[in-house]
Amino acid sequence: MNSLRGYIGERSLAEEMFRLAVEACPNGMIMVDSDGEIVMANSEIEQQFGYKREELIGQRVDILVPRRLQAQHALHRASFTHRPGAGEPETRRMGAGRDLFGLRKDGTEFPVEVGLNPIRAGEHLLVLGVIVDISQRKQIERLKEEFVSTVSHELRTPLTSIAGSLGLLAGQWSGKLPESAARLLSIAHKNSQRLVRLINDILDIEKIESGRVVFNSVRVSAKSIVEQAIEDNRGFALGYGVGIQLDPASIDCELNVDPDRLCQVITNLLSNAVKFSPSSGDVIVSVRSYAAMVRIAVRDYGSGVPESFSPHIFGKFAQADGTISKDKGGTGLGLSIVKQIVLRLGGEVGFIDAAGGGTEFWVDLPIWDDSAGGEIDLLYDAAAPRILLCDDDRAVARTVRLRLGAAGFAVDFAHTVDMAMTRSAATKYAVVLVDLRLRGGDGIDLILRMREIPSHRNTPILVLSEDTEHGRGDVRSSRLNVLYWLGKPIDFSRLIQLLRVLTAPQTRERPRILHLDDDHDILSMVMHTLHPIADVISADTIESARHIIATDRIDLAILDTELRGSSGLDLLPELTDDLGHWIPVILFSALSGEMVCGDQVDVAIQMPGTTLSDLLISVSDRLTLLPAGFPLVPV
C-alpha cells in the first residue's frame, strides 16, 4: 500500500477509490451543483438514460426529467438546496407518496426512486443523487394486481358454483353411492370449500390494505354483536365437537363501529379457537370494560401458542409448525385480517396465555362516549364548517369540541392514524387539526398519507403539539404543507380566529373544462348542459385540444376515446398543470373497450344508456374535489 501511495499520492488514491466505488455502484449516481447543472455521472446513469457521459456533463438535470414534471422537480430541488434559516439540507428520499419518472434520450419514460445526499465542497453545495430504476418492481406490482383480478373474476365465481354443486351431491346422493365414491365426493367438497375460503381471505386482505373497504360505523351494542357471532358459528363449532359459551359476567355497552366488520373479527377469532380446542371442550367469549375501552375476549382450552411463533401470529399466511396446526388447516390469513380490521376500527388486538391452559385473544375498542356524542359530531348544524381533530387524548378532544362548537364549528374525532385516514377518505373536511402523537403511527406520517387523498391534497392542516420544534425539524416536514404549527396548551382565541379566516365564505373563479369530441352536435349539447356550472372550451381535433392546453387554464377534461384517426387518450400525458399535477379526466364516449379508470381518469361514461344529466352529475361531483389551492376570489 505504501508503494502504491508513493506512486499515486494519497490524494490521487482517494480520488481513484471514490471513482471506482461510484462506477461499481449498481444504481445510477449523478452529482448536481446548486444551479442544477450536472457535474458528475457514473456508467449506470449512461445505461439508464441512454446518454453518453460527455452529453450530460454541464447540462441541466432537467434533461432527465419528463416535461410534465419539470416544474414540480424545480420546486423540490429549490426547497432542498435553498432553505433560508433551516440550516444544511439533510439526506432524504424523493418520491414517497408520489410517482417519479426518468426521461431517456429516446423520449421514453421509466419509474424511478431518487435519494438525495448533500455534499459540501468548500463554499459550494453539491447534491449527489442516487437513482434506482424500479421498472421491475412496478411490473411485479402490476402482476400482483392482475393476479388479484384474476382470482376475483376467474376463480371465485366458478369455485363457489363447484362447492355448492358438490355440497348438493354430498347431501342428497352420498347415501346412494358406493362408500369409496362417497368418500371421494366428501373430500372434493371439503377441498372446494377450503379453496373458496382461501380466495375470499386473499381478496379481503388485499381490499383492506389498499383502503378500498368502506367502514360504515354506527352506534351498536357490543354484547348483541357478540351474541349474533356466537349463534352464527355454533353450527361450525358443533362440527368439531366444541361448544361456544358467552361468559355470564359479560357486560353490555355501546360501540361506534361497523357491525358487519366487527362480526367478521369475532367470527375469525371463534373459528381459530374452535379449531384448536379439544373435542367436547368449550370456547368462552366475554365482554368487559376498563377505562374508556371495551374488551371482547375469545378464550380456548387448546395447546396454546408456541413461544417461537408468538411474534408472527398476526402475519400473513402465518401458521405454527407442527402436526396439530397442519391438521387443522386454514389459510393463515384469518388473524391478519382481524388485525387489519381492528386497526381500521380504531382499536387494538392481542393475545395472552390463559390461566389453566389455552389462549385468550382480545380486541379492545373505544367505548361510545355519550358526553361527547361519539366521534362524529352530530350536535351542530350540517352547514357548520366541519373540522377533523386527530388526537389520541380523549379529554383534550372533548375540550376542543366544546370550545370550537361554541364558536360554530363541528368537530369530528380520530384517535388513531387508521381512523383518521378512514374519516378523511369519507369526508371533505374544511380544516384538519393534527397532534404529532397518535396511536398506530405519528402525526407527520398521517399528514403525508392524507396529502395523497385527492380531496385533501390542499386542505388547510394545523399541527397541535407540545413540541412543535421537534415536528418542524423532522426531515419529512418540508413535504407536509402545514399551514400553522400551534403549541399546547391550546390558545383557543388564536385557533378560533385562524379557523374563521380559513373557513370564511369565498367564491371560486368559474371552472374551465376542455371537451374533446369530433361530433359537433355532442359538443353543442355538452356545452349547453354544463354552462350553469363551468365554462366549456370545445375542441374537435387533437391538435386544437393541444393548443387549448398550451394557452388556457384547464381544470377538468372530458375526452372522447374514439376520434377520426386518433383517441382522446393520447392527450393524457399532456394534461398537467403548471406544477406537473394531473388534470382530472372524465371519459365520455360510445367506445366501451377503452373505458378504463386510473390515477388520472376519474370517471368513464359510456354514452349509450346514459344521459347528459348523468354527465352533469359526474362533472359536479368532480368539481367539488378541486383542491383548496384552486384559484379563489374573496367575497
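**Exercise 1. How many residues does helix α8 have, and how far does it reach from its first C-alpha to its last?**

Step 1: Helix α8 runs over residues 222-238, so count 17 residues, where a helix is a DSSP run (H or I, at least four residues; a strand is E, at least two), numbered from the N terminus.
Step 2: Now the reach: 24 Å, close to the 24 Å expected at 1.5 Å a residue. The expected span is 1.5 Å times one less than the number of residues.

A word on the source: this is a predicted model, where local features need pLDDT of at least 70, side-chain atom pairs count only at pLDDT 80 or more, and totals for chains, interfaces and linings use all residues. Residues are numbered from 1 along each chain as its sequence is written, and side-chain values use heavy atoms, leaving out hydrogens and water.

**Exercise 2. Where does α8 bend, and which of its residues are buried?**

Step 1: Go to Asp232, where α8 bends by about 35°. That bend is the angle between axes fitted to the seven residues ending there and the seven starting there.
Step 2: Look for buried residues (under 20% relative accessible area; exposed is over 50%, partly exposed in between; 1.4 Å probe, protein chains only). In α8 they are Ala222, Ile225, Val226, Ala229, Ile230, Asn233 and Ala237.
Step 3: See what they pack against: β7, β8, β9, α9, β10 and β11, with contact meaning heavy atoms within 4.5 Å.

**Exercise 3. Which residue forms a salt bridge with Arg288?**

Step 1: Apply the rule: a side-chain nitrogen of Lys or Arg within 4 Å of a carboxyl oxygen of Asp or Glu.
Step 2: The partner is Glu360, with the closest N and O atoms 3.4 Å apart.
Step 3: Place the two along the chain: Arg288 is in strand β10 and Glu360 in strand β13, 72 residues apart.
Step 4: Check accessibility. Arg288 is partly exposed at 35%, while Glu360 counts as buried at 13%.

**Exercise 4. Is the aromatic pair of Phe314 and Phe351 stacked or tilted?**

Step 1: Recall the rule: rings of Phe, Tyr and Trp (its six-membered ring) pair if their centres lie within 6.5 Å; planes under 30 degrees apart are stacked, over 60 edge-to-face, the rest tilted.
Step 2: The centres are 6.4 Å apart with 55° between the planes, so this pair is tilted.
Step 3: Phe314 lies in the loop between β11 and α10, and Phe351 in strand β12, 37 residues apart.
Step 4: Add Phe361, and the three form one aromatic cluster.
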